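Trainee: I'm new to this one and would rather understand one part well than skim everything. Please take me closely through the place where the chains meet, and then show me what lies around it.

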Amino acid sequence: MSDDIVLDEFGYDEPTLDKLFETLKKEVISSSENYSQEAFKLHWLGRKQGRLKVLSEAWLKSAPPEARKPLGIRFNQLKQQIEAALEAPATTTRAAQAGASIDITLPGTTRAPGIPHPLLKTMQEIVAVFHHLGYSTNLGPQVESDFYNFEALNFPPNHPARDTQDTLVIASQQSRPSRDRLLMRTHTSPVQIRTMIDQPPPVRIVIPGKVHRNDAADATHSPIFHQVEGLCVDTNITFSDLKGTLDHAMKALFGSAVKTRFFPSFFPFTEPSADVQISCIFCNGKGCRKCKHSGWIELLGCGMVDPAVFAAIDEQRAAQGKSPAYNPEKITGFAFGMGVERIAMIQHGISDIGHFYSGDMRFLEQFA
Amino acid sequence: MKILTNWLRTYVPNIPADDHQLADDLTLRGIAVEGVHDLGPAADDQSNGHLFEMDITTNRVDAMNHYGIAREAATIYNLPLLPLHTELPASTPAPAFPVRIDAPHLCGRFTARVLRNVTIAPSAGLISDYFSLLGQKQISNAVDASNFVLLGMGHPTHAFDLDKLQGGIVVRLAHQGEKLKLLDGTERTLEPDDLVVADEVKALALAGVMGGYDSMITPETKNILVEAAWFDPASIRRSSRRHLLHTDASHRFERGADFNAAPIANHLVSQLILASGGHAEGDLIDIAIPATAAKTASRPSINLSVTQVQRHLGTTLEDTPTQSALTPELIYQYLTALGCTLIPTRLAVQLEHEMIADGPVFPPGYFSDHAGHISLVNDLFAVQLPSWRLDLEREIDLIEEVARVYGYNRFANTLPTPGIVIAHPTAAAEAAVRTRLLALGFSESISSTFASQQDSDLFATAGQGTIPMENPLSDEASLLRPSLVPGMVTMLAHNLNRDVKDVRLFEQGQIFTGTTDQVSESAQLSLGLTGAVPATPLHTAHDAPIFELKGAIESLLSLFAPAPLTFTTEAPVWLQPGRSATALLDGTPIAHFGELVHTQREARKLRQPIYLAQLDLAKLYALPLKKVTARDLSRFQAVERDFSFTFPDSMQWHTIATAIHTLNIPELQRLTPTEIFRDPKGKSVPPSHYALLLKCVFQSNDRTLREEELTTWWSNIITTLTNLGGTIRAGEFTM
C-alpha cells in the first residue's frame, strides 16, 4: 500500500518534509473528492490499514530521533486536515462526483408494459360510474334471437331495423319461427329483457358489450362497436330520476362543469324517449369545430321503459312459470344507452374508428 | 325535410319568437331543426324568412309538413292554429263519378273529384315563390298543386288526365304479371299483392307510391280527376320496397297517413288547379271504409290520469311543495292544442274519513285533503285522439306528449334510491387475467368477430361446428369466428406490413361454435407475439418467444387455485410441428401455443415468424381464484448449491426434476435450471450433449442445516442424476 512514497530516498530537512506533506495534502483533497465519505475515512483513518497509520508508523520508525517531532507535528496537521475534509459539507464531494457521472439525458429503459385498450378503458370507466350509483354489471350473448333483440323490445314486426340491411343474421333461419331467428344483437338491450325475465324488481344493471350492425365501415362507423346500457326499474322511478342519474353520470365522466340537455326522441322500447347532449368538453359550450359550433355534443339515448316492454316481460315470465312482477300500474323504470366508440373518440380526439380494431401498436402505444 | 318559416307563420300568425328562437323551441320539443338558413330579402323588400332543415323522427310523420309543424308551434306558444282554408267555387251538377274499392282492407278511403276545362300552365304566385325558395322543381300548376299540398299539410294526392281513363276508378290488387309504366318512365311487372288504382281496363297507378305514365298530366290535359286516398301502411311499404321506389307519397303512407285529411287535401289541390281556370263537376266522391275509420280517425278514446302523468314524470323545477307544475289545466291545454279532445270526468265527490278502510291507501285519482276527506278531483280525462296522430295509442303516449311540450329540461334532476351492487361472477377473474397480461407486456386488442371460410377451416377446433352468416359483411367475414387466432394473425400481419416489428397483443373475446340452430358462445384468450425476444441462459433467441408464451400461460394459471398443468408437443395444424405445444389442465387441453405453421407464414407473406397462443377462458374461469395463505419465512439461513451436469440432448428437464423430487428432500426449497450450454465445437461439451447448470436451495424452518445433511443430499442428487445418464462437470458449494 505504501510503496508510493519511501521516505529514505528523501531527507528529513524541513523543505523536503514540506514538499512531501504538500503532496499528501493534495492527495487528501483529491481523494476526498473521488471517494465516498465512508471509503475516504477508511482509506485514511482505518485502524489497521489506514494510510495515515501505515505512513506514520513506517516513517516514524525509520526516522532519526531528531526528525520524529517535526514529523509527528506534520502528521497531526495532516490528520486534522483529513478530519476537516470529513466534516466538510457533503455537497462539495457530491457535486464533484456528479461531474463525472452518467449522461442522464439518455432515454430511460423499462420493460415495456402492456397497454390497456383505450376503448375498453373508457367502457370500464363508464361502468364504474354506474357501479358507484348502485348498478350491477350484467352480460349476455352476442348471438341473440329476434325475440330478445326486437320483439320483446316493442319493435313492430316490419320495423326497418329488423331488415337484413341493418341487422347481421345467422344463416339458415328462414324455416324457424320469427321470434326464434338468430342474429347478431344490434344493441345490448336484450340483456335488459333477459334480466327482467330472470328477476323481479328492483333492477339496477349496467350492460357493457359488443354489438353488430350491417353498416358500411367509414371513419365514424363500424359494423362492430360497443355499447354501455343501463336499466333501473322499481316502484316510483320517474323521468326526473332518469335526468338526475344521467346528469350525475356525465359529470362523473367528463367533469363537474359539464351540463346536460335532454331532447325528445323516439325509440320503440322507451316512452318518453330522449336524446342527451352534454356541453362541449372542448370549448365549455362556447362553440368550436369539435361540437360543430353548437356548444353541445350528442352522447346518449334514453327513456322511460315502455309499458309494452313490461307486458312482454310478464308474458314471458308466465311462459317460464314465474309470477308476474312488472305490472306497469305499479312499476316504472328507465333505460339508457351510449356508444363507447364515440365517447372514446371524443375523449382522445381519435379520427378513425378503425384504429380500435386494428391492433396497430403505433396507435396503442400512445395510450401507454 | 325543408320548411319555410314564412309559410309556417301563415298558419300561426304572431309567433312571439324570431326564427332562431322558434328553431330552438321546436328542437327542444322533439321537432328537430338541424339547420337554419337565411333566405335574404324578397322582391318586395320583405324578408324571405328562413329555411329550416328538419330532422323529424319516423314516428312523427304528421309533422313532416308545414301545417304539422305550425301545430307544434301553436302548442308551444299557446296560440290558435288557423284552419286550412278550403273554399271551392260551386260545381256544375253531374252524376257521381264511379269509384269502387275492391280491396277495402288496403284502401281505407278514396276521394275523387272531377275538374273540367282546366288550363295546364306553369305555376305562379305563392307556389312559384315558395318552390324556388325550397329548391322544389316546378312542373305545371296541376302537378305543383299536388306537391304544394303535400308540403303544406302532408297528405299525398294525385291528378289523373281524366280523358285517358276508360270508365270509373277501381282500387284493386294487381293481377299476376300485370304491367304498369310509371311516371319515372320505367315499366314495372306487378305482383298480386301490389295495390293499384285502375280504371275498368288497366292499372293507372301504383297506389300510394307513384302515378302511371299513360294517365299523367300533360300540357294538353283538359280534364282532371283529383285523387286523395288513405292506403294501408304495410301494403305501401311492401310495394315500395319490392319496386325500390321510395317516394314522398310512399314515405307518408307507409308511416300512417291522416284518414281525415283525404277530402281536405282533395279540396286544396282542386282549388289550386282551378285558380288557373276550369270548374269542378259534381260532388266530391268520398268512400270511407268504416272498419279502417274505426282503427284510425275514430279510435275509441283513452283514459289519461293526471296522477299517472306525475307518477311517470316526477319532479319539475317549478313544482311547489304541495303541487306539481303539471296541473290538469296545463295537460288539458297541451293536448287540446295538439288536436286531442279531452273530456274531464269532473266528479267532485266527498267521502267521509271513516269510509277509508285500510288507512291512507287511495285508489288512483283520489287524494286526501287536510280535513281527512278524500276526493276524486279532476284527475281523469277521456281523450279522443286526433286522426293524424296514429302514434298516439295509449296513456303513456299522452304522458310523453305532456313531457315533450312542457319541455324535458324543465324537469328536476332527482336520483332514485341506490341499489346494492353484485359483482359479476367472472369479473374478478377477468380483471386478474387482464392485469397480469398487461404486466407481462401484452397490449389489449379487439379483432373482428368474423372469419373467412379459409381461416375458419384452419383455426376451428375439429368437431365443434362453425356458424355461417346469412348476409355477411364481406367474403372475409362469412362466418362467426370459431377462434380468436385468425383475428390475432390479422392484427400481427397489420403491424408487420407497416414495419412495426415488435408486437405483443392479447384479446379476450367470445368465439362461436355449434349449429345455426344452437349457437354456443364461449370466452377465449389469444396471445400474439412477434419480434426479437432476447435469448436467456436457458433458451436460445430462436426458442425464446415460445417460452415467453409458455411463461405467460403458466403465469395466468398461477392466478388461480393450483391445478396440475402439463405440456405436450401435440398441437393443432395451425401451429408449426416441433415448435408448438398444448397445455393440459388436469389432463385436458386448455391452451395451444407456438409458432404459426410455416406454410401459413409463407401464404400470408409474413416477414418474420409470429407466435400465437389460444387459451380456453371458460375452463380457466371455472377454477377459483387463488387464495393465498402466507407461509412463515424461515429464520434459518438458506444454503445454495450449484451443480453442473452434462446430459445427452434427449434428456428432458421434466425427467431430471422428477428424479430429484422423487428423492423427497423436504428441505429442498427450490430447484432451478439456471443455464443450458451447448458447444458447437464439441470441446467443452461433447456433441449431442448439453451442459446444465442447476441451482438447489436448501432451507429448514426449524434449524440451521448441518454440513453432513447437505453433503448427503448433494451426493444423493449427484447419484440420481448420474444414474439418469448425466456426468457431473463441477459442483460448487457456496454459503
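Mentor: Happy to. The contact draws on 68 residues of chain A and 65 residues of chain B. Keep in mind that this is a predicted model; the predictor gives the complex an ipTM of 0.85 and a pTM of 0.82.

Let's start on the chain A side. The elements that each put two or more residues into this side are helix 6 (118–132), strand 1, strand 4 (203–212), strand 5 (224–235), helix 9 (239–254), strand 6, strand 7 (270–279) and helix 12 (361–364) of chain A. Helix 9 of chain A gives the largest share, eight residues. Sorted by class, the chain A side has 34 nonpolar, 22 polar and 12 charged residues.

Now, how do those strands of chain A fit together? They belong to an open sheet of seven strands with mixed pairing, in the order 1-4-5-9-8-7-6. Strand 1 (136–137) and strand 6 (260–267) of chain A are its edges, each pairing on one side only. Further in, strand 8 (residues 296–305) and strand 9 (residues 331–339) of chain A run antiparallel and share five bridges. You can find that pairing by looking for A:M304, which sits opposite A:F334 in strand 9 of chain A. As a general point, strands in a sheet pair through backbone hydrogen bonds, in parallel or antiparallel fashion.

To place this within chain A, look at the domain assignment: domain 1 covers 7–99 and domain 2 covers 118–367. The centres of these two domains of chain A, taken over C-alpha atoms, are 81 Å apart.

Now cross over to chain B and find helix 10 (residues 306–313). Six of its eight residues are buried, so the helix is mostly covered. The buried ones are B:V306, B:Q308, B:V309, B:Q310, B:H312 and B:L313. What covers them? From chain A, the cover includes helix 9, strand 8 and strand 9. From chain B itself, it includes strand 15, helix 11 (328–337) and helix 12 (395–406). So helix 9 of chain A turns up again here, having already given the largest share of the chain A side. Just after helix 10 of chain B comes B:G314, with a positive phi of about 80°.

Strand 15 of chain B, part of that cover, leads us to another sheet. This one is open and has three strands in the order 15-20-16 of chain B, with antiparallel pairing. Its edge strands are strand 15 (302–305) and strand 16 (341–344) of chain B. On average, neighbouring strands in this sheet are turned by 35° against each other, ignoring direction. Strand 16 of chain B is joined by four bridges to strand 20 (residues 380–384) of chain B, and there B:T341 stands opposite B:Q384.

A word of caution about this region. Chain B averages a pLDDT of 91, and 95% of its residues score at least 70. But over residues 346–376 of chain B the pLDDT drops below 50, even though the stretch has 32 contacts in the model beyond near neighbours in sequence. Where pLDDT is low, the predicted coordinates should not be read in detail.

Finally, let's step back to see where this belongs in chain B. The domain assignment gives domain 1 (2–77), domain 2 (99–295), domain 3 (302–410), domain 4 (427–621) and domain 5 (639–734). The C-alpha centres of domain 2 and domain 4 of chain B lie 62 Å apart.

For a look inside chain B away from helix 10, try B:S270, in helix 8 (residues 261–274) of chain B. B:S270 counts as buried because it has 28 C-beta neighbours inside 10 Å, and 20 or more is the cut-off. Leaving out residues up to four places away in sequence, B:S270 touches B:L88, B:R113, B:L115, B:V226 and B:A280. One of these, B:V226, is 44 residues away along the chain, yet the two C-alpha atoms are 6.9 Å apart.

Towards the other end of chain B, strand 32 (residues 689–698) pairs antiparallel with strand 30 (residues 639–648) over 10 bridges, with B:V639 opposite B:F698. Strand 32 of chain B also pairs antiparallel with strand 31 (residues 668–677), over eight bridges; there, B:F677 faces B:A691.

Definitions and conventions:
Residues are numbered from 1 along each chain as its sequence is written. Chains are lettered from A and ligands numbered from 1 in the order in which they are written. This is a predicted model: local features need pLDDT of at least 70, side-chain atom pairs count only at pLDDT 80 or more; totals for chains, interfaces and linings use all residues. Two strands pair if DSSP finds at least two bridges between them. Axes are lines fitted to C-alpha atoms, for helices over the stretch in contact, and angles run from 0 to 180 degrees between N-to-C directions. Domain bounds come from an automatic or database domain assignment. Two residues are in contact if their C-beta atoms, placed from the backbone, lie within 7 Å. Ala, Val, Leu, Ile, Met, Phe, Trp, Tyr, Cys and Pro count as nonpolar, Asp, Glu, Lys and Arg as charged, and the others, Gly among them, as polar. pLDDT is the predictor's confidence in each residue, from 0 to 100. A residue is buried if 20 or more other C-beta atoms lie within 10 Å of its own, exposed if 12 or fewer, and partly exposed in between; C-beta atoms are placed from the backbone.
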